[in-house]
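Here are some notes on the model, written for someone reading a structure for the first time. Please keep the sequence and the 3D view open while going through the points.

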Amino acid sequence: GDSMKFGKQLRLNSIAAWRDKYLNYKKLKRIMMQAKAQKDDPDAVDKDSAKFMALVESELQKINEFYLSKLHEIEVLLEQKQTGTTTYGSIDSMSPSKEQSHLLAFEFSEDVVDLKRRDTLLQAQRLVSDITEFAEMNSVGFSKIIKKFDK
């Protein structure tokens, strides 16, 4: 068997804030065990198989929707980085007249903008690595549980 049960691995390696977005491995495993326990009763097995496949479908959809929403968040972050939009509005649209410029010097000092850009980029990078890990964990989970079910 696996050195560590996958269900436990999933719990330990999942990103806490996203816990409910991951594959519900436990529930799928429970349905699978149920099907195996009743393998002498073809009707029961059919029912469990249908239940299993329906759950696989809905879990896939849930994960996919979440994944896409995170990709969108990343895109938004990267767009912000390019335009250098800060909480004060876009720098370009507000190119101030000379008299006003000293008032805005602090808000629009290059350092502040650079920091914001870097911060945004770091946020995007973190999100990319988190969502990649998320996708991999789920992918492993799906293939494991489906292999087990097909045995």
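**Notes on the helices and charges**

1. The protein chain has a secondary structure of five helices and zero strands, and, read from the N terminus, its elements follow the order α-α-α-α-α. Please keep in mind while reading that this is a predicted model. Of the 151 residues in the protein chain, 26% count as buried.

2. How many salt bridges does a search of the whole structure find? The search finds two, and they can be taken in turn. As general background, side chains of opposite charge can pair when their charged atoms come close.

3. One salt bridge is formed by E59 with K62, whose closest N and O atoms are 3.0 Å apart. Both residues belong to helix α3, where they are three residues apart, or about one turn of the helix. As for their surroundings, E59 counts as buried because its relative accessibility is 7%, and buried means under 20%. K62, in contrast, has a relative accessible area of 25% and is therefore partly exposed.

4. A further remark on K62 concerns a residue far along the chain from it: K62 and L23 are 39 residues apart in sequence, and their C-alpha atoms are 8.5 Å apart in space. When looking for this pair in the 3D view, it may help to start from helix α3, where K62 has its place.

5. The side chains of K70 and E73 also meet in a salt bridge, with a distance of 3.0 Å from N to O. The side chains of K70 and E73 are, in addition, joined by a polar contact of 3.0 Å. Because K70 and E73 are three residues apart in helix α3, about one helical turn separates them.

6. Is K70 buried or exposed? K70 counts as buried, because its relative accessibility is 10% and the limit for buried is under 20%. Its partner E73 has a relative accessibility of 36%, so E73 counts as partly exposed.

7. Turning to the surface, a positive patch is formed there by K8, R11, R19, K26, K27, R30 and K51. Helix α1, which covers residues 6-13, and helix α2, which covers residues 25-37, each supply at least two residues of this positive patch. The largest share comes from α2, which gives three residues to the positive patch.

8. K8 is one of the residues that form the positive patch, and its place in the chain is helix α1. With a relative accessibility of 44%, K8 counts as partly exposed, because that term covers values between the limits for buried, under 20%, and exposed, over 50%.

9. Which residues gather in a patch of negative charge on the surface? They are D40, D41, D43 and D46. Of these, D46 is found in helix α3, which covers residues 42-83. D46 has a relative accessible area of 52% and is therefore exposed, since exposed means over 50%.

10. To bring the points together, helix α3 holds the pair E59 and K62, the pair K70 and E73, and also D46, which belongs to the negative patch on the surface. Helices α1 and α2, for their part, each supply at least two residues of the positive patch.

How values were computed:
Residues numbered from 1 in each chain as written. Predicted model: local features only at pLDDT ≥ 70, side-chain atom pairs only at ≥ 80, totals over all residues. Heavy atoms only, no water. Patch = residues over 30% accessible without salt bridge, like charges linked within 9 Å, V, L, I, M, F, W, Y side chains within 5 Å. Areas by Shrake-Rupley, 256 points an atom, 1.4 Å probe, with all protein chains shown as cover. Salt bridge = Lys/Arg side-chain N within 4 Å of Asp/Glu carboxyl O. Lys, Arg positive; Asp, Glu negative; His and termini not counted. Charge placed at Lys NZ, Arg CZ, Asp CG, Glu CD. Helix = DSSP H or I, 4+ residues; strand = E, 2+ residues; numbered from the N terminus. Buried < 20%, exposed > 50% of the residue type's maximum accessible area, 1.4 Å probe, protein only. Polar contact = N/O pair within 3.5 Å; in protein donor to acceptor, adjacent residues only side chain to side chain.
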